[in-house]
Amino acid sequence: MTVTAPEKAPAADVPGSGATRLVDRIFKMRELAILLVFLVMIAITQAGNSEFLSEQGIKDLLLNATILVLVATGQSLVVITRNVDLSVGSTLGISAFAAGVYLQDGGNPVVAVLLAVLMGIGFGLLNGLLVSLGQVPALVVTLGTLYIIRGIDSIWVGSRQITAADLPGGFVDFGSGGISAVPWLALIALAVLVATAYYLKQFGSGRELYALGSNPEAARLAGIPVRKRILAAYTFCGALAGLAGALYLARFGNVDSGTGNGYELTVVSAVVVGGVVFTGGSGSVYGAALGALLLTSINSVLPALGVSSVWVLAINGILLILAIAVDRIVALRVANALKKRNARHG
Amino acid sequence: ATACGGTTKEDVKDEGAKAATAGKADPNAETKKGLTVGFLPKQVNNPYFTVADKGGEKALKELGSSYKEVGTSSGTDTAGQVSYVNTLTQQQVDAIAVSAQDPGALCTALKQAMKNDIKVVTYDSDTNPECRNAFISQASADDIGRTQVQQMAEQIGNKGEIAILSAAQTATNQNAWIEIMKDELKDPKYKDVKLVKVAYGDDDAQKSFQQTQGLLQEHPNLKGIISPTTVGIKAAAQYLSGSKYKGKVKLTGLGTPNDMRKYVKNGTVEAFELWDPAKLGELAARTAVALSSGQITGKEGETFKAGDMGEYTIGKNGVIDLGKPTVFTADNVDQFDF
Amino acid sequence: MTHPSDTGTAPVLALRDVSKSFGAVRALRDVSLELFPGEVHALAGENGAGKSTLIKTLAGVHRPDAGQVLLDGAPVVFHGPGDARDAGIAVIYQEPTLFPDLSIAENIFMGRQPRRALGRIDHKATHDATAALMLRLGVELDPDRPARGLSIADQQIVEIAKALSFDARVLIMDEPTAALTGSEVARLFGVVRTLREQGAAVLFISHRLEEIFRICKRVTTLRDGAWIASEPLAGMTEDDLVRRMVGRDLEELYPKQEVTPGETALSVRRLTREGVFTDVSFEVRRGEIVALAGLVGAGRTEVARAVFGVDRWDAGEVEVDGKPLVNGAPSTAMAAGLALVPEDRRAQGLVMDMSIERNIGLTGLRTTVRAGLVDRGAERSRSLDWAVKLQVKYARIADTVATLSGGNQQKVVLAKWLATGPKVLIVDEPTRGIDVGTKAEVHRLLSQLAADGVAVLMISSDLPEVLGMADRVLVMHEGRLTAEIARTDATEEAVMAAATGRAAA
Amino acid sequence: MADTSLTRAVRWDTVVGALLVVVLLLSFGFVDGFGNALNLSFLIGNTLPIALIALPMTLLVVSGEIDLSVASTAGLSGAVMGALWNQGMTIEVIIPICLLLGVVCGLVNGLLVTRLGLPSLAVTIGTMAAYRGIAQIVLGSDAVTDFPSQYLDFAAGRVDGTFLPYAFLPFLVLLAIAVVALHATPLGRSLFAIGASEEAARFAGIRVKRQKLILFTLTGLMSSLTGVFWALHYASARYDNATGLELSVVAAVLLGGIDFDGGKGTLGGAIAGVFLLGALQNVMSLQDVSAQSQIVVTGVLLVLSVLAPRVARQISLARAGRRAAPAPPSKAPAPTP
Ligand SMILES: Nc1ncnc2c1ncn2[C@@H]1O[C@H](COP(=O)(O)OP(=O)(O)OP(=O)(O)O)[C@@H](O)[C@H]1O
Ligand SMILES: Nc1ncnc2c1ncn2[C@@H]1O[C@H](COP(=O)(O)OP(=O)(O)OP(=O)(O)O)[C@@H](O)[C@H]1O
Ligand SMILES: [Mg+2]
Ligand SMILES: [Mg+2]
């Protein structure tokens with residue numbers, strides 16, 4: 001009574017199998033909507049200021065997005081499982097400092113990056129263990145670890161700071177260098193992004209993250225190792241926050257006890273704008289990355305257009321609301337289409 | 001009063017702005033020992049304030065009094081600062097040296113402290129004059145504003161567009177300096193220098209970074225940036241040194257030698273300035289002790305001796321000026337460590 | 001065919017002296033059960049007898065407090081549902097457990113998708129295998145459609161497909177047919193027979209006794225968590241089985257009282273909700289029980305939802321006692337005397353984390369008020385009254401409804417709505433998952449309500465129930481009313497003909 | 001009924017209340033400078049803004065929503081108050097305008113959430129930035145400090161001879177109203193239902209959207225009230241007033257045992273959580289615990305607040321299980337054939 005072999009099943013007879021994969025299409029439409037908003041915004045800015053898309057301008061855009069893209073990628077994995085990690089900002093800060101301290105003493109940059117990632121993994125594991133073993137609400141636990149890590153960070157760092165002068169020149173140059181307009185850091189982020197997306201789509205354990213976010217009880221009954229998966233998602237998120245910390249150090253050449261403070265809200269915004277739903281089970285890392293790109297670009301677009309910085313915050317907020325509203329309306333349309341379609345053949 | 005009998009701004013104008021003073025000064029009074037002075041910086045863990053407070057600690061040790069530091073870990077947690085003022089009041093310290101996050105918000109608490117016989121000295125950032133006994137000004141606003149414009153003009157050959165990268169829009173001292181810069185720019189010798197924009201980076205590295213990018217994109221002909229804040233100048237320098245603008249767009253402002261050493265050496269920055277924060281803290285401490293000992297009360301014209309630093313005279317509204325800032329260049333930057 | 005145990009075949013899966021308690025509730029007490037290959041075994045018992053608990057113990061969801069699970073004669077310990085699955089046990093749980101955001105195909109193959117090189121998922125094979133399963137079950141569901149929004153019946157079908165897709169030696173089904181109509185049940189039974197012939201052991205639970213007699217060979221009966229008997233069904237009558245379950249004889253199952261209908265209470269005219277149902281008109285008079293029949297997905301539930309106001313309608317009108325209802329406003333519908341016992345008790349009928357008392361009290365928030373505050377005493381007595389009247393089995397009235405068995409949850413939903421004293425009562429699958437004893441009780445209640453002048457609209461997929469209870473039968477097919485059949489003409493054939501669209505409307 | 005009392009005893013809100021009492025008693029006994037009127041009035045005065053916003057926030061969270069824009073709404077109403085005051089308008093007119101503005105802010109949140117069906121977390125992250133941004137546009141870099149002294153005195157002063165700030169009395173009234181509304185009225189009851197299962201609430205005839213809209217509006221109103229209070233209490237209206245207050249409110253409410261999935265919690269617990277955090281911070285400052293260590297303590301408390309009830313439940317379940325467990329089997333297991 002195994003599944004009947006495909007050759008015996010006249011698949012073409014089943015309605016809908018010929019149509020494009022519906023679930024995928026919905027995701028793509030959401031991502032396209034964000035991409036469209038992004039492109040329109042860039043086009044308008046370019047029209048208003050021809051310097052905007054100069055080589056340096058593009059490089060800046062990409063560099064600005066890099067760190068947020070990385071953290072948002074990790075965060076989406078956690079959000080997909082119907083959890084959240086608010087401690088990413090603190091993790092980023094403390095791992096950046098750890099890498100900085102190591103480099104300050106003449107360490108090897110590669111080891112420093114690894115150190116930051118390991119640090120991130122450590123805190124990710126802590127969060128993951130608390131959430132999955134303790135089975136307690138992620139929001140509270142990670143708000144708690146946000147404070148704890150931030151506190152430990154500021155006790156450890158004190159008033160010290162790592163500046164570009166303390167770091168090996170090669171490391172700092174790497175942070176702003178690249179192949180013409182494409183910075184090294186952006187390439188790293190892109191690689192991580194593509195690999196994560198591929199994993200989520202093509203591997204069983206990746207799909208299981210969606211499943212357990214969609215319906216945790218059903219996931220348990222389906223024999224999915226829920227705790228293990230949640231733990232993995234948090235660890236991955238922590239690792240990326242750590243990596244982002246190392247890249248932050250390279251990019252800004254400057255870390256103190258306030259680094260990464262309040263970053264969690266930016267990350268959450270990016271993820272939400274990117275269409276990753278907080279009730280879990282849906283969304284994609286590409287969406288989150290686009291959300292991150294959109295958010296950081298707004299911060300570049302407004303100064304480039306000469307909008308007084310007094311207006312930036314308000315415009316930022318309104319754009320954020322617009323983005324999620326547009327996304328929602330698209331989703332509603334799709335749901336309606338789905339219903340009609342369903343009714344036709346029902 | 002207005003027609004409808006409510007309270008308007010006009011009705012409350014009467015209260016004069018004067019430094020709080022009490023009793024009479026006795027310049028020859030004994031310097032008291034065993035006092036406790038609580039330092040309350042804008043933000044703990046901020047390197048600048050740590051250096052300043054260390055200066056205060058050193059002075060207090062010399063004077064035989066004790067030092068303590070409390071404060072919030074965020075630079076904008078005004079409510080937190082208020083509750084620290086309350087705490088220090090509760091603990092009955094002899095004097096408080098505070099760098100105020102907000103000119104008005106601390107007033108009630110500070111007045112409460114003064115009522116409990118605690119002397120209040122502000123340093124770096126002042127409150128309303130009536131809420132403290134004296135203010136230690138890092139340098140006169142005039143000095144800071146004008147010298148920065150002069151330096152910038154010199155570097156760009158008195159010609160071209162310049163911009164200012166400030167901290168938060170609400171920062172009182174920043175705004176005072178910017179006003180004076182604008183005033184200085186009215187001088188005919190700067191007729192070819194044009195201030196095109198004031199941007200605000202909120203003393204946040206990343207924001208200052210992006211504001212710098214925006215300035216350069218919006219004004220392709222920009223010749224120079226003045227950033228009168230340590231966070232801003234550092235972020236701007238880091239961006240410039242990694243971009244094609246390095247060396248072409250001039251940068252000056254207020255920065256610490258340790259932060260800026262690298263950029264001075266690699267040619268991103270020619271010169272910048274700052275007072276010595278340790279001296280600022282020291283003067284705050286010595287003023288606090290002098291107040292507690294009754295040598296001064298905060299009235300204009302009173303003088304007191306501040307150890308090795310020499311004699312200081314209290315100016316208008318209880319303001320004490322630290323002195324002129326130091327200009328740092330590649331030649332002298334290695335002689336400083338803060 | 002001889003009985004498997006007679007031929008010496010060993011049971012594939014067995015329970016021996018298993019006990020399981022939840023806090024103070026002893027759900028299973030020293031229960032034993034043996035499942036043989038090639039046999040369909042029935043599990044019977046009243047609501048709350050412990051059937052689902054037994055199944056969850058077999059499936060590794062619960063660990064027994066005492067006793068053993070035996071696989072091929074050897075004791076095993078399942079550390080989770082995954083272990084049981086790996087041992088070849090497929091389970092359809094009483095409540096559908098789907099992933100709403102994932103496609104039907106992914107739902108079915110979650111955790112064991114066909115793989116390509118490097119362990120990557122073969123999406124095409126997954127799709128094709130799902131399409132084949134759907135064909136086998138004879139339903140038209142797009143494998144790529146997300147599970148969100150599927151009707152309860154469709155969800156149940158996906159669950160069945162999921163269980164069938166396993167290479168299972170043991171198939172356990174907890175009320176798989178509760179939401180299905182005759183034709184789907186027939187399909188399902190066809191598949192089950194094939195599986196049986198291939199040597200699988202099947203454990204089957206249903207409160208529809210005729211189904212048990214149709215497909216099962218032996219039956220195990222539970223009462224209050226205790227094992228009563230395991231015996232062949234051959235030679236037993238339904239009454240025998242009921243006596244085992246209930247411990248006494250049962251009165252009539254369809255105690256229909258003859259009532260002369262009064263004036264019109266509910267009148268629905270040309271109601272349309274685009275893409276869902278079209279031009280639906282009917283009336284229900286006081287004292288009348290009108291059944292709304294049809295195949296799964298015919299749109300009956302949607303009509304009920306629109307009438308009550310949880311969904312908006314696009315055209316038409318609804319009147320209660322001659323007064324038009326506001327479109328899309330359940331609160332005004334309630335105020336006008338309408339009540340809806342919804343189809344999905346877990347999502348729609350109950351707040352699972354709330355106590356029994358408060359769930360019943362929820363519909364009375366407007367009436368049990370004193371000086372603007374909730375009158376707790378009145379609330380409690382109102383809840384207790386109805387819980388007792390409907391014989392809800394609970395430990396404490398302040399316990400959350402989540403701890404109740406499925407059937408008892410259904411009773412709480414009924415209680416919640418009957419407590420409002422409605423003029424018009426719409427019940428959507430009122431006896432889904434309710435045991436025979438209670439079913440008779442519910443029927444008597446509906447009858448009594450009608451006799452007291454309440455207009456009852458009953459949606460049911462249980463054809464005998466429709467025929468036994470209704471004064472008139474309305475039949476829907478693909479979103480339209482296709483027939484109205486008077487009680488005297490209502491036969492199984494007539495209703496099915498209209499429901500499948502074969503009859504001239 | 002031993003079980004009921006047991007579960008009641010380990011209910012987290014009771015624990016938080018008990019903890020608050022313990023902390024207060026210990027501090028009175030052992031912490032210098034804690035027990036005098038001045039310090040207590042400081043403590044209460046500084047905690048009041050959090051407590052004020054915690055009232056509607058608790059109701060909102062119980063119904064399964066959240067509002068992160070509260071601090072920005074407070075900032076905005078403070079900024080508008082400052083700007084209008086600078087224009088020379090009378091304060092008695094300004095304050096109602098500010099409150100009205102809060103209503104509008106809340107209404108916007110509510111409409112976005114209920115009409116468009118957007119998640120409140122996302123919406124209010126957006127309006128958090130938007131409202132703060134508008135505040136910045138309205139007041140720019142000004143800091144307005146010259147409000148009339150009778151108002152400042154009311155907001156910062158205390159009842160003569162006691163430690164109670166004047167403002168605490170109106171707060172008590174609001175608290176009483178909120179407690180009754182949440183725990184004794186049909187509205188409160190339906191909020192719990194909405195939070196636990198929105199769909200079931202809708203099927204029970206509860207007007208889910210309208211009630212949520214009302215709640216958001218109320219939250220806006222209370223936030224602007226807090227904004228006005230803040231500006232007067234600290235005698236300073238700036239656009240960045242109350243920045244970050246939302247996190248303090250959320251942390252305190254969570255500490256008080258309000259479940260962010262909705263449908264659970266008590267207002268008493270939430271307010272106990274608010275004052276527990278306030279008291280702890282006060283005591284730690286008096287004991288010269290550094291700000292950094294205080295952050296760690298807050299974090300640890302939060303983690304404990306969710307872990308502890310969990311562990312307690314596990315223990316009580318285990319106990320109940322042992323009590324109900326059957327006596328050792330009397331009959332020997334049947335021998336296998
Ligand atoms: N998770 C649980 N917590 C507490 N009590 C439970 C739990 N699950 C089941 N029970 C109790 O165990 C007993 C048996 O429930 P079970 O669900 O097995 O009944 P059932 O025979 O499947 O009934 P139905 O026919 O109504 O589905 C009931 O009294 C029920 O209240
Ligand atoms: N909440 C919903 N969202 C989207 N589609 C739905 C929803 N509920 C039902 N449907 C779809 O609408 C169609 C009509 O379903 P409905 O439940 O009204 O049928 P029904 O006749 O009541 O059948 P049954 O109750 O036996 O499932 C079905 O195809 C179903 O999949
Ligand atoms: Mg059951
Ligand atoms: Mg239905």
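**Reading two ligand sites and a strand pair**

Colleague: Let's begin with ligand 2: how far is its oxygen atom from the side chain of Arg300(C)?

Modeller: An N or O atom in the side chain of Arg300(C) is 2.4 Å from an oxygen atom of ligand 2. Please keep in mind that this is a predicted model. Another side chain to look at is that of Glu343(C), where an N or O atom is also 2.4 Å from an oxygen atom of the ligand. Gly299(C) takes part through its backbone, with an N or O atom 2.8 Å from a ligand oxygen.

Colleague: How much of ligand 2 does the protein bury?

Modeller: On its own the ligand exposes 620 Å², and 84% of that is buried by the protein.

Colleague: Which elements give two or more residues to the shell around ligand 2?

Modeller: They are helix H13 (309-345) of chain A, plus helices H5 (152-165) and H9 (300-308) of chain C. H9(C) gives the most, with three residues.

Colleague: Why is the site of ligand 2 said to be shared between chains?

Modeller: Because the residues that surround ligand 2 come from chains A and C. There are 16 of them, and Thr301(C) and Glu302(C) are among the closest. By type, the shell has four nonpolar, seven polar and five charged residues.

Colleague: Now for ligand 1. Which residues come nearest?

Modeller: Of 19 residues around ligand 1, the nearest are Lys51(C), Ser52(C), Thr53(C), Thr403(C) and Gly407(C). A polar backbone atom of Gly407(C) is 2.7 Å from an oxygen atom of the ligand. Gly48(C) places a backbone N or O atom 2.8 Å from a ligand oxygen, and for Gln94(C) a polar side-chain atom lies 2.8 Å from one. The protein covers 83% of the 640 Å² that ligand 1 has accessible on its own.

Colleague: And which element supplies the largest share of that shell?

Modeller: That is H1(C), with three residues. Strand S2 (25-35) and helix H14 (406-418) of chain C each supply at least two. In terms of domains, domain 1 (13-98 + 150-247) and domain 3 (352-421) of chain C each provide at least three residues.

Colleague: One last feature, in chain B: do strands S1 and S2 run parallel or antiparallel?

Modeller: Parallel: four bridges join S1 (residues 36-40) to S2 (residues 66-69). To find one of these bridges, start at Gly38(B) and look for its partner, Lys68(B). Together with helix H1 (residues 47-62) of chain B, the two strands make a right-handed β-α-β unit.

Definitions and conventions
Residues numbered from 1 in each chain as written. Chains lettered and ligands numbered in written order. Predicted model: local features only at pLDDT ≥ 70, side-chain atom pairs only at ≥ 80, totals over all residues. Heavy atoms only, no water. Pairing = 2+ DSSP bridges. Right-handed = clockwise from strand over helix to strand, strands pointing away. Near = heavy atom within 4 Å. Polar contact = N/O pair within 3.5 Å; in protein donor to acceptor, adjacent residues only side chain to side chain. Areas by Shrake-Rupley, 256 points an atom, 1.4 Å probe, with all protein chains shown as cover. Domains from an automatic or database assignment. Nonpolar A, V, L, I, M, F, W, Y, C, P; charged D, E, K, R; others polar.
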